[in-house]
Protein chains: 2
Amino acid sequence: MSEQLPPASRATIKDVAREAGVSVTTVSHALNGKGTASEATRQRVLAVADRLAYRAHPMARGLRRGRTGVLGLDMRPLDAIGSYIPEGVDYFVRFAGAAAVTALDHGLGLMLVPDLTRPDIPQSAHGVDGYVIGDPTRDDPVLTRLLDAAVPVVTVGRDPGRPEFTDWVGPDDTHETERVLELLRSRGARRVAFLAGTDDNAWNVDAERAYRAWARRHRAPARVLHVPESAGEDGGRDAARRLLGGKRQRPDAIYCQTGRHAAGVLAEARRLGVAVPGDLLLAAGSDAQQTRLAIPAITALDLAPEASGKAAVELLIARLNGETAAGPVVLPAYLHIRVSTGES
Amino acid sequence: MSEQLPPASRATIKDVAREAGVSVTTVSHALNGKGTASEATRQRVLAVADRLAYRAHPMARGLRRGRTGVLGLDMRPLDAIGSYIPEGVDYFVRFAGAAAVTALDHGLGLMLVPDLTRPDIPQSAHGVDGYVIGDPTRDDPVLTRLLDAAVPVVTVGRDPGRPEFTDWVGPDDTHETERVLELLRSRGARRVAFLAGTDDNAWNVDAERAYRAWARRHRAPARVLHVPESAGEDGGRDAARRLLGGKRQRPDAIYCQTGRHAAGVLAEARRLGVAVPGDLLLAAGSDAQQTRLAIPAITALDLAPEASGKAAVELLIARLNGETAAGPVVLPAYLHIRVSTGES
DNA sequence: GCCACAACACAAAACGTTTTGGAAGGGGAC
DNA sequence: GTCCCCTTCCAAAACGTTTTGTGTTGTGGC
């Protein structure tokens, strides 16, 4: 009666132990380089494990070690939009892609999770080692819950209502906003209108504050419109109608936070016979397909989502390893200067 | 000596049992609606669990149940490209987004995993309940490994070298290709050139075969160029130079598999003074930002990645539940008829 | 008063690891 | 011969669940 039947399921540590004629303890030690096994036994165990294509069961290991090897990613603006697939917005994809690849480089997985405060979220979302929260809103409830539970967490962009929380990465929104406004000014704009989103996160808050301060500094009129991020290009069109078609004096430049809004403004301007960049300069605070491919192409801030994704995951991993890594990681944005802001 | 110190870590089932004055068995039963507990005890347990904010530890549960509650997604073309963030291609994003949302709807998580045949992939990639493999290549090694290990797996698009494997979802590439070619023909095209990708997957293989058969049927010249998917718009430009600038008779229509190639062809045609759609009709086998936003907009097949992502995850879940769901799930594509193919 | 049978509750085993705390054996020093 | 230490290995506990099997009651029929 030969025992040649190959096991239908995967090999366990017991199989390896039996096959190698040692205890499971020794197998575990040999594989993890922990114990005091002799070199001979170690090699024998390694050989057997390799032959059986043994891989430690991730859950069993996770249960024992208290680590799962998976990171969670929650993009808050996507929770807000209600769709995880906003048309043409590649910021989130580029971010998530870079984060996933960085995690993979460190031997970790990355899982997209939904709003953790909703009641019916999958069990697995709770089983991750730590979280990256993208663009938290003011006093973000998800962040609150995680911090209360003492779960390691890193955000992208600060929480506007939580100045003491410094484990975040992202651009210096104030500084970058000023850069764009200065560009518009250097190209002759004197009446710049600002189109912000409605999400109450640092990206919107800091940009608007920077805009108002900048306008005051230059004794220029400040005009701010709020358009929901989810309104997309249609939202931009509506805003453009109000800004360009009203009785009030027309702005000679419009700065939109999102690329989609900017694309909508551009389309409406064309329809109204307002030439860009001839009669109106246009810029966006976030690069997207719409800004790159529009005609004319729209000047936009590239918020370097790849760099953010990488930095966020690395900061989180440092936290997980107990390192007291440095507070905020500020990343430079890149300003793509395109046709919509005219010639210098 | 009161025991009032709140536990620093999360509550376990033992805590709930102690607090409710019952055994852990009863707690488990009450929470999972399994056993024969009386309504009174059940309610009491539920109340305590709620008060302690108890959630079953996902790994412990997974270990016991043999299920992790996480699905793995491997997009093979992305492995091939080497970048997980191809510029302007939203097929993968839309697919992954829909897949993730569908998984969430079923209480499961979705994890992006890299090429499983590489040596150094994270443990967690092995801990998922099943896999979705996007656009497998001929005799795909990843698919081979999973099937050998008897791991549940579903693909998007069939494996060209594995006709017996029917657990796939996706469009009928042959039929959809013919649809586009017929459109071109109905708009007057008689010499249609075909620009395919180089990935050896069903999408390319079936489309090229359909093209050749269609040309034969109509006694039209067949001209096929192969351009790597990763070459993007530049690849399209190069191909257009060869097709439009050479000595051979010019095609009066070009059908490109990818939207990026088509955008490149369009740009080069414009540079060469070939009018689209006046002198040349143009269509793409995959919708993308580039086809939608190009001027003129390019007619393209929308492969309905959202529907595919949803169907793939649902088929996989059916498999996981032991249902002998029906073989391939064929999904209709939508043909966006745009300016690049002229007026009817 | 006995028996059968619900109804309810629980102890213990199991899932596959890692880690703790020895134990066995051998060799050298005294 | 005794003691001690080093090397090498292992049994068992632990991680937090779910599930199986086994009591305990209490109730009603005869």
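# Notebook: two protein chains and two DNA strands

I began with the pairing across the chains: β2(A) and strand β2 (residues 109–112) of chain B run antiparallel and are joined by two bridges. I count two strands as paired if DSSP finds at least two bridges between them. Helices (H or I, at least four residues) and strands (E, at least two) are DSSP runs, numbered from the N terminus.

I note that this is a predicted model, in which local features need pLDDT of at least 70 and side-chain atom pairs count only at pLDDT 80 or more, while totals for chains, interfaces and linings use all residues. Residues are numbered from 1 along each chain as its sequence is written, and chains are lettered from A and ligands numbered from 1 in the order in which they are written.

**Entry 1: the β2 strands**

I looked up the partners of B:Met111. Across the chains, A:Met111 stands opposite B:Met111 in β2(B). Within chain B, B:Gly72 stands opposite B:Met111. Strand β1 (residues 70–75) of chain B runs parallel to β2(B), with four bridges between them.

I then checked burial on β2(B). A residue is buried if 20 or more other C-beta atoms lie within 10 Å of its own, exposed if 12 or fewer, and partly exposed in between, with C-beta atoms placed from the backbone. Both faces of β2(B) are covered: B:Gly109 and B:Met111 are buried on one side, and B:Leu110 and B:Leu112 on the other.

**Entry 2: the contact between the chains**

I found that the contact takes 37 residues from chain A and 39 residues from chain B. Contact here requires C-beta atoms, placed from the backbone, within 7 Å. On the side of chain A that touches chain B, two or more residues come from each of α4, α6 (91–105), β2 (109–112) and α12 (289–293) of chain A. The most come from α6(A), with seven residues. By class this side has 23 nonpolar, 12 polar and two charged residues. For the classes, Ala, Val, Leu, Ile, Met, Phe, Trp, Tyr, Cys and Pro count as nonpolar, Asp, Glu, Lys and Arg as charged, and the others, Gly among them, as polar.

I superposed the copies by least squares on the C-alpha atoms of residues with pLDDT of at least 70 in both. A turn of 179° and a shift of 0.4 Å along the axis lay chain A on chain B with an RMSD of 0.3 Å. The two copies are therefore related as by a two-fold rotation axis. The same surface serves both copies, since 97% of the contact residues of chain A recur in chain B.

**Entry 3: chain A as a whole**

I recorded 13 helices and 12 strands in chain A. Its C-alpha trace spans about 95 × 40 × 40 Å along the principal axes. The radius of gyration of chain A is 26 Å, whereas a compact globule of 344 residues would have one near 20 Å. That radius is taken over C-alpha atoms, and the globule rule is 2.2 Å times the number of residues to the power 0.38. Buried residues make up 51% of the 344 residues in chain A.

**Entry 4: the DNA strands**

I counted a residue as near a strand if its C-beta atom, placed from the backbone, lies within 6 Å of it. DNA strand C has 27 residues around it, of which A:Ile13, A:Ser28, A:His57, A:Ala60 and B:Val22 come nearest. Two or more residues of this surface come from each of α2 and α4 of chain A and α2 and α4 of chain B. The surface near DNA strand C has nine nonpolar, 13 polar and five charged residues.

DNA strand D is surrounded by 28 residues, the closest being A:Thr25, A:Thr36, B:Ile13, B:His57 and B:Ala60. The largest share of the surface near DNA strand D, six residues, is from α2(B). This surface divides into 10 nonpolar, 13 polar and five charged residues.

**Entry 5: backbone exceptions**

Most residues other than glycine have a negative phi, and most peptide bonds are trans. I found a cis peptide bond from A:Ile295 to A:Pro296, with omega near 0°. A:Pro296 is in the loop between α12 and β10 (299–302) of chain A. In chain B, a cis peptide bond joins B:Ile295 and B:Pro296, with omega about 0°.

A:Ala150 has a positive phi of about 60° although it is not a glycine. A:Ala150 is exposed, because 10 other C-beta atoms lie within 10 Å.

Technical notes:
Two residues are in contact if their C-beta atoms, placed from the backbone, lie within 7 Å.
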